[in-house]
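I have a model open and want to go through it briskly. Can we take it in short questions and answers?

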Amino acid sequence: MQRGFLRSLIGFSILVGFFLLTLLNVWQTNSAERDLKEMLQRMDTLEKALENGNFASESGPSGPSGGIWGAAEPDYVTTALSDPNNQFSRDNTNWLPSGAKQGGTLNLKFGSDPKGFNWLTENGADVSEIQAYVNISVGAYHLKDVTKYRPVLAYHWNISDDKRTHTIKLRKDFYWHKPNVNWAGGKFDWLKGTHQVTARDLEFMVEMMMNDQVAGAAPLRSYFDELESFEAIDDFTFRITFKKPKYMQKVMVLGLYPMPEFLYAYDEVGERYEPEVIGKRFEDHWYNPNGIGAGPYTFTRFEPGVAIELERNSKYPLGGNAPERIVYSILKDQNQPPRKLRTGELHLSAIQPGQYRAEVLEGDADSPFKNGKLNAGEYWSYNYFYVAWNADKPQFSDKRARQAMSHAFNADLLLNDVFLGLGERCTGPMPTVQPYYDRSLDPYAFDLEKAKALLEEAGWSDTDGDGIRDKTIDGEKVQFSFKLVVYGSSNEYKTVGNIFKEDLAKIGVRMDVAPMEWANLLKKVDAREFDAVTLAWVSGPPVDFRQIWHSSQADLPKGSNRVGFRNAEADKIIEALETEFDEAKRKKLAHAFHQLLYEEQPYTFFYTRKTKVFWQQELNNVWFQLVRPHINPRPFYLGG
Amino acid sequence: MSQPIIPDVNEPEDQTFGDIVWIQFKKNRVAYWSLWGLAGLFILAIVAPVIASGRPFIWNAGDGAQYPWFSSLFDRNYFENPVDVFFNLLLVLALPIVALVIFRLKQIQKLGLDKRPRRAKIQRESRFLVLGFLVLLIGVLATPYGEPYTQYEDLREARLQEIEAGASTDPIQAVFPPVPYMFRKTGFKTLEKPSLKHWLGVDESTRDVAVRLLYGTRISLTIGVIAVGIYVTIGIILGSLAGFFSGKVDIVIQRLIEIVMSIPSLIIILVLVAFLEKTSIFHIMLVIGLVRWTGVARLVRGEFYRLRGQDFVTSAVALGFPTWKVIFHHILPNAMGPVLVAATFGVAGAILLESTLSFLGLGDLSAPSWGQTLSEGYSSGAWHLIIAPGFAIFLTVSLLNLVGEGLRDALDPKMRK
């Protein structure tokens, strides 16, 4: 008994001893790790400081200084802006109020995992948002007036009298960011040093854009099919000439941006690519997982599925960027942003209609979305939603059948109940916010009787009594039944399908809703393997109908005229619009086009969406621009 | 049927293995009542059109009586999904079949035949019934019948308004089912909360949730039964071959099982759905069936290993029965116990998997599946779209699991009470 007790006592104390030792061990490791981390951090900052020092000393005393208010405007810019031949004019909109606070981290959201950040080959709307902060373009629209242009990289833009030649003069105080590579080991030493943004970089961008090997630039390339020549005359002058003058060329030149030749023309060890392969190499360049630019923010980190981080470029000569860092959390689940807004993890985010219903329309009174803890706003954008009818299918080749579809589409109900009134009915191929939009046309009314009459008129009637209309075409009986392709991951579009299906059934048309995931849907639509599809177009302020409506695009593989719309009159208007520079005449032409498409109904035009945005109160100076990216965080500042 | 169980002195001599299992099963009250619950769900699925349908039983608009409800049962414009046609056929044939079965039973009893031949006879006759039913079903599906999609309720309303306005005098005489609309009928107020008119509210596509859940029972049960039927068949065949022949056959089949098991089924389904232009729920059943048979095959193989050396097998072989007869008539019936249990749990699994797919937005939109409603609830944040289908899934899966558990205990000689 005694012995047993002693034994267990010893055993117990050994156990306690072990436990204490373990604790001690854990504590020691922990503190050692902490020390190590601290040291690493210190070394990191030291390294950074050294590198920055290098940069500063190399660029010399006259090099860029930037800061939140930007560098002083060089005299040549001031002089150039008073030149009446300059397409650029000074934008006097107050960008950042004088009391704006500097610093802080701005937390935003990113809706998908980008494949890369090569601006030329990645065309997603999300990536273009990052591009707007990291890189710069030749110029931009005025903040509140899309008919005027302000200078960014360029300061002088001259268009020759025959409107074919554009001559652009670049500022001399833009520098490329330091590439985001692992500098340790000296592997990337060949990238060191300062690199000024020159006309040569602009030339390189156009070269790559026009290079057929760069498949990702194909959409952009199609706008430059009239390109005659382009060259960098000297380091800071760039000239681009077109064969025929067209209105859209102005906008395209304005949107050109430099791509750093010192980086993209070289392989990982600093060997220049051979001219025959450079396009292919550029398309999947080793640097593509990172982004580079000369804009207000430096691309510092991309962790797939987690975050994208940008850091303020203190040497950006135009200034106007207050937050020190911008962190984009990658949130693929659409339900995440409202939750993160509630917890304060996001500073600002747009929310989906479904969330708008749950949080605002039906939310509790003390929900931060309603009690003023979050600020609310909205922006309109250049978009329109539609249901497209494939005119190459027998069902939709007749315009009366398409008109019947539009009459059977209960757009008002869908817009008000399903899309919560967050938009405006649209009647033609332009967003309702487009200045040329013809407001004299009334939307097609929901009228099943009229739809029936139109179908009868077009020769579709139920001859065999099976409840579905049919028509004999070339001796073959065709049933009026079709599939509507919708985006499967969004319930709103499935709802559109479900409700439309029931209304069509009432007029003797059978429709199946085929939900598809995005990649598959785009493949089907590009291959024209669809009867009908509901999608949206997003555009910029200038009207350009060629891509979507010109008959020459109807037979192009992967072309945007997916519905096979071929109309001689429409072609004539499109061509006239392209070369017309007079605003009043352009407006007239656009109205004529609008009326023509209203009559033809190649699409059932649905609505133009506005987006609700919520942001934390600590975020100041929030406003949105009409052009993409709408949520432009540069003028925002935190606190104060 | 042979009896591989230890004979109990108290057991009457003509009790078969099935009788014993049934008696044991009945002793587990929870499992027993769960079985009744499932039967209730099944009946609910069959009689759904009697409870809710937009087609009136009788309709007289002044031009003679019509019976749209009856013709609608096989109308492919109204019931687009073959699952619905199947259940409607069951509904139509339920009365005659039940009557026939009772009549035959009585007849047999009157003849005073002894138990065994009676059993065999019932088995044969039920086989004929099922076969006949399937032939009829294929016939109905092969001759698509459609009629105009008339909105009877709207017509009646319109006439009532006309009468009020004095334009017409005689109202339409019509008898509707208790709930006078279909699961696909749109036009109610979007996302309306539960009320007296809509017990479980309205979904985002302006349809009544209660009716959708009712018809969803059909979808869930069919998916469960057919998918499991497919994989149990595959599993039994491969499993018995592997177990009986062992050696090389066994090695090949075992490796095949391992290969199939290493592929995650959800991912196969997602990939397959991406290829199909329009997913029908039959595709989903087929895929579930094709990826989940491995468990059953292993169970059967194990049972065969156990039974292969027993005396009744040896004697069957010695009597010169062909191999297929030994496998499928002698060994297999004795190896079925564990398979039945696995199948019951499998039905629950398949129902959950279908809900998952619908939830991910890849289901069949013409089928009012529970997962779809759940998914709408998730994205729109409407609680009434989450609770009701969630509860329906929970109830069905629980009932199936309880029955499976009861069956497992009843089949286990060691658990016998």
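What follows is a set of questions and answers on this predicted model.

Me: Start with the fold of chain B. How many helices and how many strands does chain B have?
Reply: The secondary structure of chain B contains both kinds of element. Strands come to three, and helices to 15.

Me: What share of the residues in chain B is buried?
Reply: A residue counts as buried under 20% relative accessible area. Chain B has 417 residues. The buried share of them is 45%.

Me: Which span does the C-alpha trace of chain B have along its principal axes?
Reply: Three values describe the trace, one along each principal axis. They are about 90 × 55 × 40 Å.

Me: What share of contacts in chain B joins residues at least 24 apart in sequence?
Reply: Contacts enter this count if their residues are at least 6 apart in sequence. Of these, the share that joins residues at least 24 apart is 71%.

Me: Now the interface. How much area do chain B and chain A bury between them?
Reply: The size of an interface is often given as the accessible area lost when the parts come together. The contact here takes 34 residues from chain A and 30 residues from chain B. Carbon and sulfur atoms hold 45% of the buried area. The total is about 2,900 Å².

Me: Which residue of chain B meets Glu502(A) in a salt bridge?
Reply: The rule finds three salt bridges across the interface of chain B and chain A. In one of them, the N to O distance is 2.7 Å. The partner of Glu502(A) there is Arg184(B).

Me: Which helix gives the largest share of the side of chain B that touches chain A?
Reply: That side of chain B divides into 13 polar, 11 charged and six nonpolar residues. The largest share is five residues, from residues 370–380 of chain B. That helix is H14.

Me: How many residue pairs are in polar contact between chain B and chain A?
Reply: Both residues of a pair must be at pLDDT 80 or more. With that condition, the count is 11.

Me: Last, one residue in chain A. Is Ala365(A) buried or exposed?
Reply: Ala365(A) sits in the loop between helix H10 and strand S12 of chain A. Beyond its neighbours within four places in sequence, Ala365(A) contacts Lys370(A) and Asn371(A). The cut-off for exposed is over 50% relative accessible area. Ala365(A) has 68% relative accessibility, so Ala365(A) counts as exposed.

Note on methods:
Residues are numbered from 1 along each chain as its sequence is written. Chains are lettered from A and ligands numbered from 1 in the order in which they are written. This is a predicted model: local features need pLDDT of at least 70, side-chain atom pairs count only at pLDDT 80 or more; totals for chains, interfaces and linings use all residues. Side-chain values use heavy atoms; hydrogens and water are left out. Contact means heavy atoms within 4.5 Å. Buried area is the accessible area (1.4 Å probe) that two parts lose on being put together, summed over both. A salt bridge is a side-chain nitrogen of Lys or Arg within 4 Å of a carboxyl oxygen of Asp or Glu. A polar contact is a pair of N or O atoms within 3.5 Å; within protein, one must be able to donate a hydrogen and the other to accept it, and residues adjacent in sequence count only if both atoms are side-chain atoms. Helices (H or I, at least four residues) and strands (E, at least two) are DSSP runs, numbered from the N terminus. Ala, Val, Leu, Ile, Met, Phe, Trp, Tyr, Cys and Pro count as nonpolar, Asp, Glu, Lys and Arg as charged, and the others, Gly among them, as polar. Buried means under 20% relative accessible area, exposed over 50%, partly exposed in between (1.4 Å probe, protein chains only).
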